[in-house]
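This note is intended for a colleague meeting the structure for the first time. The numbered points below take up the ligand site and then one helix.

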Amino acid sequence: MSNITVNSLVKKFGAVTAVDGISFSVEPGEVFGFLGPNGAGKSTTISILCTLLGPTSGDASVGGFDCVRDADAVRRSIGIIFQDPTLDNGLTAYENLLFHAYLYGMDRAKAKKRIEDALELVGLSARKNELVRKFSGGMKRRLEIARGILNYPRVLFMDEPTIGLDPQTRNMIWEFIRELKKNTGITVFMTTHYLEEAEFCDRIAIIDLGKIIASGTPSELKAGLNGDTLNLSAMDPKGLDAEIRGKFGMDPKITDGGITLTVKQGDEILPALIKGLSTKITSVSMTRPTLNDVFLSLTGKNIREENGDPYGPMRSYARKNHGGH
Amino acid sequence: MANLAHETKAIYVISYRELRKFIRERSRILGTMARPILWLFVVGGGMSRLVRPVGGVNYIQFIFPGMIGMTILFASIFSAISIVWDREFGFLKEILVAPISRLSVVVGKAMAGTSISMLQVLILLIFVPVLGIRINVPQFLLLFLSSGMLAFSLTCFGILVASRMSSYEGFNIIMNFLVMPMFFLSGAMYPVKLMPPVLRDMAYANPLTYGVDGLKNILLAGASGTTMGPEYPAITDFIVVAGFLVVTAVLANLSFRRAA
Ligand SMILES: Nc1ncnc2c1ncn2[C@@H]1O[C@H](COP(=O)(O)OP(=O)(O)OP(=O)(O)O)[C@@H](O)[C@H]1O
Ligand SMILES: [Mg+2]
């Protein structure tokens with residue numbers, strides 16, 4: 001049975017259709033990613049799944065419980081890391097976690113043990129009695145992650161978990177998610193507009209303007225494109241072109257000082273090509289398609305060019321994160 | 001409500017959080033305590049020289065119940081407004097997504113406002129002997145109970161207002177057009193029966209008037225029947241405050257549920 005099931009889900013805010021009839025399911029133990037530009041409807045979908053918003057139509061269930069009719073059961077089985085910060089800056093790290101533990105009905109002993117473990121896991125044990133106000137953005141994010149897993153959720157929602165963080169912290173968080181998945185079999189639903197991040201997911205759905213426009217494993221999606229690009233330089237580009245056409249029946253393009261070719265499974269073709277050619281080749285390179293290429297081919301635009309300011313959300317995160325409380 | 005123990009724990013931790021933060025912020029305690037103490041001694045002390053004692057009660061003693069009322073009013077409303085802060089800083093989501101009922105959230109917030117108010121009332125009560133007011137233990141308990149009822153109802157009233165505010169910008173409007181008029185038209189500074197008719201009618205419609213009068217019934221019992229004394233029988237005060245409490249508690253819950 002699927003851990004998350006969504007059927008023809010629609011959410012309208014007045015005239016704006018934020019989520020426009022999406023359907024998907026996430027299997028237990030999967031890391032499922034929502035990839036899409038700003039305003040695509042990612043956070044709105046998460047809000048519906050975690051029972052903060054009611055859908056306009058369609059249905060959604062998490063852990064076998066309906067998100068509207070059985071909201072309380074859904075709430076008990078999930079953990080969430082929201083896109084925008086939701087810590088109390090006026091409390092210490094420990095107090096923030098204790099608050100959470102009690103909201104989820106843990107007793108003092110159990111709460112204490114889990115909090116110590118969670119703080120250890122995100123490397124904040126030494127700072128547990130400091131006010132969150134004094135934490136850096138990355139420390140706050142790690143604390144939110146610790147809080148999200150405190151109740152041992154079956155499904156963990158993470159809305160842009162690594163936005164605004166430096167590469168080390170991002171890697172740390174990814175390492176952490178992998179460990180968590182390996183050790184607990186938790187199901188993870190995450191959103192991102194970092195393409196590199198989407199590659200870590202077992203399966204992704206690409207969402208734009210409230211609609212899912214493609215889904216599958218990252219390699220399946222990329223395989224749907226024409227393939228890898230091979231660049232071969234040679235002293236005699238024309239000769240190379242002719243030889244490739246003759247021997248391999250391919251259709252290269254002549255470029256400045258070489259040829260370029262688009263093929264599926266470039267990694268297998270490239271060695272065969274080099275072995276079979278007699279024209280002298282001076283250098284080779286291969287580029288694999290990225291998820292941005294997938295997005296580009298589906299929508300005709302780059303995922304990051306949205307609003308002309310790819311760092312907008314990052315700035316807004318940093319701003320909110322450093323505000324007082 | 002699936003599990004009473006769980007909901008109780010949630011109510012406890014929601015109020016604990018506010019109290020913890022209140023006690024941590026020394027400047028906030030000083031700020032909120034400075035107001036009634038300043039009024040008491042600067043306004044009360046000054047006016048005592050102009051206004052003759054009536055029925056054995058001087059002006060500074062006369063406004064003492066009003067100062068308790070003011071402390072409760074400000075502390076309760078301010079505490080309830082924290083809901084708006086919580087929404088603005090995202091923390092409200094952490095609460096709303098937890099497996100607890102909306103009722104527990106409101107009760108937790110109401111308990112928080114009540115406790116913070118009562119803490120300040122206790123500090124103010126240090127001045128009872130200083131001002132030469134005599135009360136016995138049962139009167140003290142009664143005073144505590146009346147203050148608690150008033151604090152709880154005013155916090156619920158604050159939650160009702162806060163759940164309808166979408167941003168913190170409305171705060172000044174609430175302060176100037178709701179809280180200050182409620183204070184001035186409550187008989188805290190001036191006997192209601194001596195007010196000009198229009199203001200007097202407004203004071204009659206103000207629940208805080210009855211809260212303050214209830215306190216006067218305990219603290220200024222000796223001056224009953226004079227201008228400085230309580231204006232209504234204690235039972236009237238009790239019934240009005242209790243009614244206000246029930247109405248605000250119900251409305252706060254309905255309003256918060258709808259807004260959340
Ligand atoms: N509470 C709301 N009221 C009105 N419109 C809303 C509300 N929440 C979201 N929207 C609109 O719904 C659309 C989708 O927003 P959503 O936050 O789900 O996007 P997103 O994919 O999470 O984007 P981002 O990458 O910027 O976080 C946007 O057009 C947004 O303006
Ligand atoms: Mg979002």
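1. The reader should bear in mind that this is a predicted model.

2. The surroundings of ligand 1 comprise 14 residues, and those that come nearest are G39(A), K42(A), S43(A), T44(A) and Q83(A). By class, 7 residues of this shell are polar, 5 are nonpolar and 2 are charged.

3. Two elements of chain A, strand 2 (16–26) and helix 1 (42–49), each contribute at least two residues to the shell around ligand 1. Helix 1 of chain A provides the largest share, with 3 residues.

4. Oxygen atoms of ligand 1 take part in several polar contacts. The side chain of N38(A) places an N or O atom 2.9 Å from an oxygen atom of the ligand. For G39(A), a polar backbone atom is 2.8 Å from a ligand oxygen atom, and for G41(A) a backbone N or O atom lies at 2.9 Å from an oxygen atom of ligand 1. On its own, ligand 1 has 640 Å² of accessible area, of which the protein covers 61%.

5. Which residues of helix 10 of chain A are buried? In this helix, spanning residues 266–276, they are G266(A), L270(A) and L273(A). These residues lie on the same side of helix 10 of chain A because they cover an arc of only 70° around its axis. An α-helix has 3.6 residues a turn, so residues three or four places apart point the same way.

6. The other side of helix 10 of chain A carries the exposed residues E268(A) and K275(A). The buried residues of the helix pack against helix 9 (237–248) and against strands 11 (228–234), 13 (258–263) and 14 (281–287) of chain A.

Notes: Residues are numbered from 1 along each chain as its sequence is written. Chains are lettered from A and ligands numbered from 1 in the order in which they are written. This is a predicted model: local features need pLDDT of at least 70, side-chain atom pairs count only at pLDDT 80 or more; totals for chains, interfaces and linings use all residues. Side-chain values use heavy atoms; hydrogens and water are left out. A residue is near a molecule or strand if one of its heavy atoms lies within 4 Å of it. A polar contact is a pair of N or O atoms within 3.5 Å; within protein, one must be able to donate a hydrogen and the other to accept it, and residues adjacent in sequence count only if both atoms are side-chain atoms. Accessible areas come from the Shrake-Rupley method with a 1.4 Å probe; for residues, only the protein chains shown count as cover. Helices (H or I, at least four residues) and strands (E, at least two) are DSSP runs, numbered from the N terminus. Ala, Val, Leu, Ile, Met, Phe, Trp, Tyr, Cys and Pro count as nonpolar, Asp, Glu, Lys and Arg as charged, and the others, Gly among them, as polar. Buried means under 20% relative accessible area, exposed over 50%, partly exposed in between (1.4 Å probe, protein chains only). The arc is that of the directions from the helix axis to the C-beta atoms. Contact means heavy atoms within 4.5 Å.
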